[in-house]
Amino acid sequence: MKELVVISGKGGTGKTSLTASFAALARNAVVADGDVDAADLHLLLAPDVRRREEFRSGHAAVVRADDCVGCGRCAALCRFEAIAPATRPGDGARVFAVDPSACEGCGVCVWNCPVRAIDFPEQVCGEWFVSGTRFGPLVHARLHPGAENSGKLVSLVREQARATAQQERRDLVIVDGPPGTGCPVIAALTGAAGVLIVTEPTVSGAHDLARVLELANHFKIPAAVCINKWDLNPEQADGIETAARAAGAAPVGRVRYDKAATRAQRQGLTVVEAGPDSLADEIRAVWRRWLETLAIPVPEAP
Amino acid sequence: MSAAPSIAIASGKGGTGKTTVAIHLAATLLFHRRSVQYLDCDVEEPNGHLFLKPKIDAVESVGIPVPVVDAARCIACGKCAGVCEFNAIAMLKKPLVFPELCHGCGACALVCPVGAIRETPRAVGVAETGRAGCIAFAQGRLNVGEPMAPPLIRAVKARRDPEAVALYDSPPGTSCSVVATVRGADFVVLVTEPTPFGLHDLDLAVATLRPMGRPLGVVVNRADEDRRVQDYCQAENLPVLAELPDDRRVAETYARGELLFDRLPDWRGRFEDLWARIEERL
């Protein structure tokens, strides 16, 4: 069983739309949505949720105002600017309170409070799901708004997708990765059989591609590059492919700028289902060439 | 309260036009002879510099403090490993530190009974400052493969000039990096597009940012006949600050890294109106 990851560096290049089309083209895959803080794949794949689990990770500090003596040791020790003075309801005494959006969950305040007035409950950071779709199983997740640990949730989604593939004897896992180059992307990439980077011929696309290629090389993952909306700037598209080759990545095709992709999305369909055929063919060619670079057999069209 | 306001430009979905809005707001503020600073907090993929082409005057390494154990003093009690919430210290015969897992909280140094832990900075990236013409510029560049973005974002924001209107260009999504960017901003502009992905991710961003208590407004980029985002904003009582029409020429101008004002003069008025809408809410 092999794991293939689609990422982009820059957001909004069409990564999720392409991944959804690949889900339709792969005959025997499990699809995983690794973009857990803005998961969108389910909007095209219409999952029917079969299993739902809580994602628990880390702790957060909560000051019990009634027990706080207002010494401020917690605020002085916190390196994340998460603790500030507050007024205790009732007697108006000066106490301290934790801003949950800034709390790193390190516990420094908890262990160093002289009167042990700080609780440290485990956090429920989101949920994850195993679902059925018209193309096979989908493992996806929802991080709670502003929750931390999205990298851990990405790892969990991948782990569950691999387990599902093993149970159902499916030979591919296709992961829709998050944007950027940080913690969640690293979690999406490590140990994958191949990564496809979807970029666009803009100055930002070219710049961000260079950074994600460096990341793929760092983790020694074979990289392929697809240029979406290539006709916005054909010259830049050529330059991107040259740079990709120089960095050891395989250019595997181009997809044109076409409002049909937006129309398909509004219908809740993948481009290979909604058409037009000419656009769908460009995506099929990218999928086929990507698999060829990895020596993975291309599934027969139905 | 600082002298000049700070405005964060965020979005749920990536690629909706955050950077475009931020740099054109910066240019608009200049037309009004306002002092303005652009701060690129999208430290994983900073792009504003591609359009503003700043001259960088200062590059400073930003690190987080990670523990170094003095083996001669260590009594191998294991308290440091026990207190670490991030599994960055494993207890073998002596403590073994994994610096890339360390969040720099200092718990281990505080708990060590014999003072055997000192902290030394581990670089996560650089913070750069400079000027792009009259626009003051700051950005962070996170080292590739580095997971700890929020400390660098805080370092970029620490370089803000309180006399200038600050424009924080946020990373996409709803994660801790976005929260670190938006925290303390006087106003948040959410840039979205009228697609199911755009609307879904806008809703997630609103759910993340509303509890932070900052006033929010929405810019609908690539606006067309699909009105679902505007309907959502009305239902959620969110002001629509601007609808920027879908135009292939905009995409092409952006692709070349050029400012829209130079090619498409009618866009200047659109950003004038947007700034007026933001200013009346500050």
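1. Let's start with how chain B splits up in this predicted model. Chain B has two domains: domain 1 takes in residues 6-62 plus 124-279, and domain 2 is 71-115. Notice that domain 1 is written as two stretches of the chain, with the residues of domain 2 falling between them in the numbering. Going by C-alpha atoms, the centres of domain 1 and domain 2 of chain B sit 39 Å apart.

2. Chain A gets a similar treatment. Its domain 1 is 2-55 plus 125-293, and its domain 2 is 61-120. Here the C-alpha centres of domain 1 and domain 2 of chain A are separated by 42 Å.

3. Now have a look at the sheet in chain A. It is an open one built from 9 strands, and if you walk across it you meet β3-β8-β9-β2-β10-β1-β11-β12-β13, with mixed pairing. At the edges are β3 and β13 (250-255) of chain A, each of which pairs on one side only. On average, neighbouring strands are turned by 20 degrees against each other, ignoring direction.

4. Zoom in on one pair from that sheet. Strands β11 (194-199) and β12 (223-228) of chain A run parallel and are joined by 5 bridges. Which residue of β12(A) does T199(A) stand opposite? That would be I227(A).

5. Helices go with this sheet too. Helix α1 (15-25) of chain A packs on the sheet, where it touches β1, β2, β10, β11 and β12 of chain A, and its direction is at about 160 degrees to that of β10(A). Helix α11 (277-293) of chain A lies across β11, β12 and β13 of chain A, at about 170 degrees to β13(A).

6. What happens between the chains? There, 49 residues of chain A are in contact with 48 residues of chain B. On the chain A side, the elements giving two or more residues are β3, α4, α5, α6, α7 and α9 of chain A. Which of them gives the most? It's α7(A), with 8 residues. Sorted by type, the chain A side has 14 nonpolar, 25 polar and 10 charged residues.

7. Last stop: helix α9 (248-255) of chain B. Its buried residues include T253(B), Y254(B) and A255(B). What covers the buried residues of α9(B)? The cover includes α1 (18-31) and α10 (260-263) of chain B, along with α8 (234-246) from chain A, so look at both chains here. Just after α9(B) comes G257(B), with a positive phi of about 80 degrees.

Definitions and conventions. Residues are numbered from 1 along each chain as its sequence is written. Chains are lettered from A and ligands numbered from 1 in the order in which they are written. This is a predicted model: local features need pLDDT of at least 70, side-chain atom pairs count only at pLDDT 80 or more; totals for chains, interfaces and linings use all residues. Domain bounds come from an automatic or database domain assignment. A residue is buried if 20 or more other C-beta atoms lie within 10 Å of its own, exposed if 12 or fewer, and partly exposed in between; C-beta atoms are placed from the backbone. Helices (H or I, at least four residues) and strands (E, at least two) are DSSP runs, numbered from the N terminus. Two residues are in contact if their C-beta atoms, placed from the backbone, lie within 7 Å. Ala, Val, Leu, Ile, Met, Phe, Trp, Tyr, Cys and Pro count as nonpolar, Asp, Glu, Lys and Arg as charged, and the others, Gly among them, as polar. Two strands pair if DSSP finds at least two bridges between them. Axes are lines fitted to C-alpha atoms, for helices over the stretch in contact, and angles run from 0 to 180 degrees between N-to-C directions.
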